[in-house]
Amino acid sequence: MNKPVTAARKRTSWKTRIGLGALLAAQFGQAAAAAPEQAELDALRLQLEAQSKKLTEQQQLLEAELRKLEQHKQSLQETRRSIEAMQLQLGMPVDINPVQVSEADASKYRGRGPDSAERVDNVLDAVNLFSEPSIMTPKGTFVFDPYLQYVYNSSDRLSVIGFSVLNAVLIGEINVSQANRTNWILNLGGRYGVTNRFEVEARVPYIYRTDDTLARSITSTSQNELFSADGNGIGDIELAARYQLNAPRDDGAFYIAGLRFKSRTGKDVYEVEYDPLFNLPTELATGSGFYSLQPSLSGVLPSDPVVFFGGLNYTWNIKRDVNEMVGTEFIGEVDPGDSFGLNFGMGLSLNERSSFSVSYEHTWIEKSTFEGIANQGLDVQLGTLQTTFAYRLNKTTNLNLTIGAGLTEDTPDTTMTLRLPMKF
């Protein structure tokens, strides 16, 4: 009885072993088949992680480029505001309308990654759209720039004809004179932008002048004598050209070279009649009587919200042969003194439509010569302190008011100028 049971158990044990072997074989086969699939998944995961990391790096670089672009835009806006304030001060239109820049170096703006070239092309194109700033009249634009100027000057002069015996005793004649001079000047002119960095200008003034002179001879019998005269007519027509030498970036300064020509279309002091009793003109001149050329160099430095400016100029007054009797004297060859001038100042932008500026102008005028003999007088120095208020009425019209005060004896006491430049 025991043997059959043992045999049955053995058969069951072998069957169990065979089943377990088959099960293990099947599982091993499944594991062997799953192994390559897991390897592929791990490789894909690693590749995705690498691409995600690269994408994150590229996104960071793109954000950095966009921040740079935004900084460029802000800098351009600040420069535009500074230029607008500067153009308000200089009586120019506020529309910059600059020229297109040349092609920029792409390597300067590209990222450092191997695939950065394609993604920064749009940024580079946006950077290339930035234009060169200009403070000249835009190309093809005409600006009608009329102004009305009032000039008042008074002078008191004391002259002694004689000699002194003691420090407090004068023998001879003492002449005291007082003169009040008033000028009204209506100047019609305009400028045209040939290019965005070159402009031409023409001006035609109409002048009305009045002089009141009070002369008194202090002798044994003093007597006041008043002489009045006036004159009006076309003044000296002027032509000018200006060229912007550079197109600065960021905080750079603008440099402008200019040349101005002044004619002698107005009636000069040698063409008017003189009163023989006073030896004073009965009609006042409206012109200087001499041709002149004036080269100049100016600089403008925007520093938002302030604009600094200054310039140098030299005026060459060309001599001429008058060869006429003027009053009681014969005038031959006259060589008026040349002059050298400088000016500097600063303008402050109060807001988008108004600005305020303060400037100083000084001019040295050399002695004149008559028939090659220098005048015995002194060199003339003119110093003027000016304040300008500018307001933009609309996109095409500005309103400027300038008030000047003379700081030297020969400078007019008060000057007021109202300008109304209009862009077409």
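**Surface, cores and P295 in a predicted model**

Trainee: What makes up the area that the protein exposes?

Mentor: The protein exposes about 25900 Å², of which carbon and sulfur atoms supply 58%, with areas taken from the Shrake-Rupley method with a 1.4 Å probe, only the protein chains shown counting as cover for residues. This is a predicted model, in which local features need pLDDT of at least 70 and side-chain atom pairs count only at pLDDT 80 or more, while totals for chains, interfaces and linings use all residues. Residues are numbered from 1 along each chain as its sequence is written, and side-chain values use heavy atoms, leaving out hydrogens and water.

Trainee: Why is P295 called partly exposed?

Mentor: Buried means under 20% relative accessible area and exposed over 50%, with partly exposed in between (1.4 Å probe, protein chains only); P295 has 39% relative accessibility, and therefore counts as partly exposed.

Trainee: Which residues does P295 touch, not counting those up to four places away in sequence?

Mentor: Contact means heavy atoms within 4.5 Å, and on that basis P295 touches G258, L259, L312, N313 and Y314.

Trainee: What makes a set of residues a nonpolar core?

Mentor: The set must consist of buried Ala, Val, Leu, Ile, Met, Phe, Trp, Tyr and Cys residues joined through side-chain atoms within 4.5 Å. The largest such core has seven residues, namely I135, M136, F254, I256, V300, V307 and F309. Strands β9 (254-262) and β13 (306-317) each supply at least two residues of this core, strands being DSSP runs (E, at least two residues) numbered from the N terminus. Apart from this core lies another, of six residues, including Y270 and F290.

Conventions. Helices (H or I, at least four residues) and strands (E, at least two) are DSSP runs, numbered from the N terminus.
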